[in-house]
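Hi,

Here is the structure I promised to pass on. Have a look at it first, and my notes follow underneath.

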Amino acid sequence: MAGLVAALGACSAMVHAADENRSLGSIAKESWGKTSDGESVDLYTLTNTQGMTMRVTNYGAIVVALTAPDRDGKFADVVLGYDHLDDYLKSSPYFGAVVGRYGNRIAAGRFTLDGKTYQLATNNAPGGVPCHLHGGNKGFDKVVWDAKGEMKDGAVGIRFHRVSPDGEEGYPGNLDITMHYWLTDQNEFRIEYAATTDRATPVNVTHHSYYNLGGHDSGTILDHELMIAADHITPVDKGLIPTGAFTPVAGTPFDFTSPTVIGSRVNADDTQLEYGLGYDHNFVLSRWDGKLRLAATVYDPQSGRQMEVLTTEPAIQFYCGNFLDGSNVGKGGHAYAYRTAIVLETQHYPDSPNHPDFPSTILRPGEEYRHTCVYRFSAR
């Protein structure tokens with residue numbers, strides 16, 4: 001009976017959205033369970049006028065599913081994830097989630113701001129070197145957000161909001177953050193972030209979907225072709241923390257300035273690839289000016305699906321699923337194996353609070369953090 005009520009509620013929400021303006025697609029909402037603390041979790045289904053769908057939950061603002069058409073118009077779900085909330089609660093390598101307050105790594109979980117040193121959780125230890133990763137033990141990916149379906153001309157979406165309290169995961173200041181996820185009629189997944197604070201604090205929020213343009217259950221992404229509009233990377237030490245240097249990509253396995261098959265050089269004899277067990281690096285976008293522009297393009301020659309990534313941020317983290325090992329059994333009972341997804345996180349640089357020469361990630365009272373990212377889908 002509960003399932004029937006939820007289904008009827010979802011249908012009601014969808015009809016209401018369609019009646020409001022038939023040209024704008026639809027939004028459906030259903031109950032999706034509870035957290036271990038008893039908080040109710042919802043699942044939203046967005047559908048645009050082109051037939052593309054996106055399923056999103058207010059737990060971790062996670063994109064659970066995202067369909068895109070191939071060159072023949074056939075839709076497939078192109079993000080890794082789970083069928084049930086319990087699986088996200090139990091174990092997830094940030095599948096489809098928002099990550100913050102600081103996405104990526106902070107060395108030793110420590111930084112100094114305005115003369116005071118802050119110690120964060122060290123919840124990751126690549127190469128045996130402890131660091132702070134993606135906001136800590138309970139970052140933005142593990143909380144229930146206030147969520148509301150919204151519609152505008154040419155798009156359907158979800159508005160997420162929460163206040164991260166002063167001291168949460170060791171960070172200073174009350175951070176008031178709003179995110180909009182939009183599914184547009186141009187087959188774009190668009191994310192708009194905005195935040196303010198009452199005390200100076202580092203902020204570096206990003207999105208962590210694992211993409212496979214052949215379909216989430218289609219196997220390796222090493223045959224995908226990738227372009228990244230970056231002339232440099234920030235090289236890392238064995239703990240995957242930036243050294244502070246900038247290394248040109250020209251003549252190295254990191255040169256994706258023209259479309260390159262991901263698997264062609266992923267196993268090259270290169271110290272940086274050894275540290276990351278493959279690609280897991282911050283690429284410095286060329287000629288950054290804070291405006292929305294193309295950062296990367298991914299193409300799957302088998303399906304013809306293409307994804308363009310646009311951002312206002314100065315960098316993008318490229319990770320090719322090196323830590324997937326089949327232990328995460330996802331949608332439809334499919335086990336996600338080694339290098340079966342690509343993650344492209346638009347961001348500021350890792351460990352920026354400890355590198356004064358990097359673009360600043362410090363948000364102060366009276367300022368507003370803004371960040372836009374677009375994942376645009378097409379086929380050829």
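A question to start with: which residues does Phe377 touch, not counting residues up to four places away in sequence? With contact meaning heavy atoms within 4.5 Å, Phe377 touches Met52, Leu66, Ala68, Val78, Gln186, Asn187, Tyr211, Leu213, Gln306 and Met307.

Before the rest, some housekeeping. This is a predicted model, in which local features need pLDDT of at least 70, side-chain atom pairs count only at pLDDT 80 or more, and totals for chains, interfaces and linings use all residues. Residues are numbered from 1 along each chain as its sequence is written, and side-chain values use heavy atoms, with hydrogens and water left out.

How confident is the predictor? The pLDDT (its confidence in each residue, from 0 to 100) averages 94 for the protein, and 94% of the residues score at least 70. Residues 1-23 are another matter: the pLDDT there is below 50, and the stretch has 21 contacts in the model beyond near neighbours in sequence. Where pLDDT is low, the predicted coordinates should not be read in detail.

Now the cores. A nonpolar core here is a set of buried Ala, Val, Leu, Ile, Met, Phe, Trp, Tyr and Cys residues joined through side-chain atoms within 4.5 Å. Buried means under 20% relative accessible area, exposed over 50%, and partly exposed in between (1.4 Å probe, protein chains only). The largest core has 61 residues, and Phe377 is among those with the most contacts inside it, together with Tyr181, Tyr211, Ile228, Phe318 and Leu344. Strand β13 (residues 175-184) gives the most to this core, with 5 residues. There is also a second, separate core of 19 residues, including Trp32, Val41, Val64 and Ala341.

On to the sheets. Strands are DSSP runs (E, at least two residues; helices would be H or I, at least four), numbered from the N terminus, and two strands pair if DSSP finds at least two bridges between them. One open sheet has 9 strands in the order β11-β12-β13-β14-β27-β23-β22-β17-β20, with antiparallel pairing. Its edge strands, each pairing on one side only, are β11 (146-152) and β20 (260-261). Within this sheet, β22 (residues 293-299) and β23 (residues 305-311) pair in the antiparallel sense over 6 bridges, and Arg293 stands opposite Thr311 in β23.

Another open sheet, also antiparallel, is made of 5 strands in the order β19-β18-β21-β24-β25. Here the edges are β19 (247-248) and β25 (343-347). Strand β18 (residues 230-233) pairs with β19 over 2 bridges, and His232 has Pro248 as its bridge partner in β19.

Two residues are worth clicking on. Leu226 sits in strand β17 (residues 225-228) and is buried, at 0% relative accessible area. Its contacts further along the sequence include Phe256, Thr297, Phe318 and Leu344. Leu226 and Gly239 are 13 residues apart in sequence and 26 Å apart in space, C-alpha to C-alpha. Thr35 is in the loop between β1 and β2 and is buried too, at 12%. Leaving aside neighbours within four places in sequence, Thr35 is in contact with Val41, Tyr59, Leu89 and Val144.

Finally, the charged pairs. Counting a salt bridge as a side-chain nitrogen of Lys or Arg within 4 Å of a carboxyl oxygen of Asp or Glu, the total is 12. Three to look at:

- Lys29 and Asp42, with the closest N and O atoms 3.7 Å apart. Lys29 lies in β1 (residues 26-34) and Asp42 in β2 (residues 40-47), so the pair ties together parts 13 residues apart in sequence. Lys29 is partly exposed at 38%, while Asp42 is buried at 17%.
- Lys138 and Asp37, at 3.9 Å, N to O. The first is in the loop between β10 (131-133) and β11 and the second in the loop between β1 and β2, so this bridge ties together parts 101 residues apart in sequence. Lys138 is partly exposed at 38% and Asp37 is exposed at 59%.
- Arg376 and Glu188, at 3.0 Å, N to O. This pair links β27 (residues 369-379) with β14 (residues 188-197), 188 residues apart. Arg376 is partly exposed at 28%, whereas Glu188 is buried at 11%. Salt bridges that share partners join Glu188, Glu308 and Arg376 into one network.

Cheers

Methods. pLDDT = per-residue confidence, 0-100.
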